[in-house]
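Hi,

Here is the structure I promised to pass on. Have a look, and then read on for what turned up in it.

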Protein chains: 2
Amino acid sequence: MSEHQTPEPEPRDEGVVDSATETQRQIARLEDSWRRTAAELDNFRKRCAKDVVRAREQERASLLVRWLPVLDNLERALEHASANPDQIVEGVRAVHQQALAILADLGYPRRGDETGKAFDPAHHEAVSTIADEDLVPGTVAHVVQPGYGHDGEILRPASVVVATRSE
Amino acid sequence: MSEHQTPEPEPRDEGVVDSATETQRQIARLEDSWRRTAAELDNFRKRCAKDVVRAREQERASLLVRWLPVLDNLERALEHASANPDQIVEGVRAVHQQALAILADLGYPRRGDETGKAFDPAHHEAVSTIADEDLVPGTVAHVVQPGYGHDGEILRPASVVVATRSE
């Protein structure tokens with residue numbers, strides 16, 4: 001009775017029993033499809049939770065591996081420090097530049113000196129204020145700690161002293 | 001899934017036509033349940049891919065934020081270097097310790113000196129060999145670069161020179 005593939009059964013006197021059987025098969029097939037999709041969803045949920053954990057672990061390890069040369073070079077600078085104390089400044093300056101290059105490469109460059117710029121809460125964190133008639137109120141008087149990141153994505157705002165109106 | 005349980009059609013006196021109508025309703029409900037579960041699976045797949053990307057970004061940012069104090073302290077050590085060159089060694093040593101502490105805290109301690117231990121490819125990477133009759137062949141003659149991580153999870157194996165049989 002292949003004509004019963006369509007969900008709409010044709011009401012026929014002679015086909016009632018066959019139609020009922022075919023309809024029951026159709027229901028069984030639908031239930032099976034639904035159960036399998038539900039099981040797939042359930043498995044996928046569990047797998048996704050694991051994927052997220054693994055992504056974090058991988059990102060952590062790959063990031064830390066990038067930092068190891070900075071540590072190696074710090075160690076080397078310290079090893080040579082006793083033999084040649086003058087060289088350590090140069091060595092440490094190179095390590096610092098290396099660290100800045102890694103951060104910039106990962107999308108978070110060190111922000112330049114923003115002294116004199118208008119205070120902007122998106123990029124600056126005010127740690128104190130200073131009343132000075134030589135400074136424009138509401139501008140950055142002094143950067144205590146540099147910020148990192150570009151305008152779209154700040155990793156850390158710069159810690160700044162803000163100029164206020166002197167009275 | 002239980003809320004979508006297939007309702008058993010209740011046997012009713014009204015007859016074949018009502019029963020057929022009820023069965024068609026049952027089929028429609030099942031199809032609907034299946035389609036909704038399939039759509040949910042599809043949405044979940046897309047969301048999971050986004051979750052993985054976001055997890056990586058969050059891990060990266062949170063890890064880099066932890067490294068910023070190391071950079072701040074390197075900068076500070078360099079700023080004071082010209083005024084007091086002797087102090088920089090002490091300052092850099094402190095920064096190095098700080099960096100090691102961060103790595104250890106994240107699960108990757110610096111591995112101690114493994115000179116004299118048996119060469120182990122799980123923890124060591126041989127960069128060269130040395131033939132020396134004072135050393136036991138197959139042991140670590142010298143660590144060129146330290147390894148990081150604990151036995152279960154090595155971030156980087158130590159680069160070592162391996163002692164070989166002298167002939």
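A word on terms before the numbers: two residues are in contact here when they have heavy atoms within 4.5 Å of each other. Please also keep in mind that this is a predicted model.

So, how many residues does each chain bring to the contact? Chain A puts in 57 residues, and chain B puts in 57 residues as well. Between them the chains bury about 5900 Å², with 72% of that on carbon and sulfur atoms.

There is polar chemistry across the interface too. The count is 18 residue pairs in polar contact between chain A and chain B, and ten salt bridges cross the interface. One to look up in your viewer is Asp72(B) with Arg156(A), where the side chains meet at 2.7 Å, N to O.

Which elements build the side of chain A that touches chain B? Those giving two or more residues are α1 (16–81), α2 (87–105) and β4 (153–156) of chain A. The largest share comes from α1(A), with 37 residues. Sorted by class, that side of chain A has 34 nonpolar, eight polar and 15 charged residues.

Next, how the copies sit relative to each other. Chain A superposes on chain B after a rotation of 180 degrees with 0.1 Å of shift along the axis, at an RMSD of 0.4 Å. The two copies are therefore related as by a two-fold rotation axis. Both copies use the same surface, too: 93% of the contact residues of chain A recur in chain B.

On to the aromatics. Over all chains the count is two aromatic pairs. Phe44(A) and Phe44(B) form one that is edge-to-face, 5.9 Å centre to centre and with 80 degrees between the planes. Why does this pair join two chains? Phe44(A) lies in helix α1 of chain A while Phe44(B) lies in helix α1 (residues 16–81) of chain B, so the pair links one chain to the other.

Last, salt bridges in general. Side chains of opposite charge can pair when their charged atoms come close. Over all chains there are 26 salt bridges. One of them pairs the side chains of Asp32(A) and Arg36(A), at 3.2 Å from N to O. These two are four residues apart in helix α1 of chain A, so about one helical turn separates Asp32(A) from Arg36(A).

Cheers

Key: Residues are numbered from 1 along each chain as its sequence is written. Chains are lettered from A and ligands numbered from 1 in the order in which they are written. This is a predicted model: local features need pLDDT of at least 70, side-chain atom pairs count only at pLDDT 80 or more; totals for chains, interfaces and linings use all residues. Side-chain values use heavy atoms; hydrogens and water are left out. Buried area is the accessible area (1.4 Å probe) that two parts lose on being put together, summed over both. A salt bridge is a side-chain nitrogen of Lys or Arg within 4 Å of a carboxyl oxygen of Asp or Glu. A polar contact is a pair of N or O atoms within 3.5 Å; within protein, one must be able to donate a hydrogen and the other to accept it, and residues adjacent in sequence count only if both atoms are side-chain atoms. Ala, Val, Leu, Ile, Met, Phe, Trp, Tyr, Cys and Pro count as nonpolar, Asp, Glu, Lys and Arg as charged, and the others, Gly among them, as polar. Copies are superposed by least squares on the C-alpha atoms of residues with pLDDT of at least 70 in both. Rings of Phe, Tyr and Trp (its six-membered ring) pair if their centres lie within 6.5 Å; planes under 30 degrees apart count as stacked, over 60 as edge-to-face and the rest as tilted.
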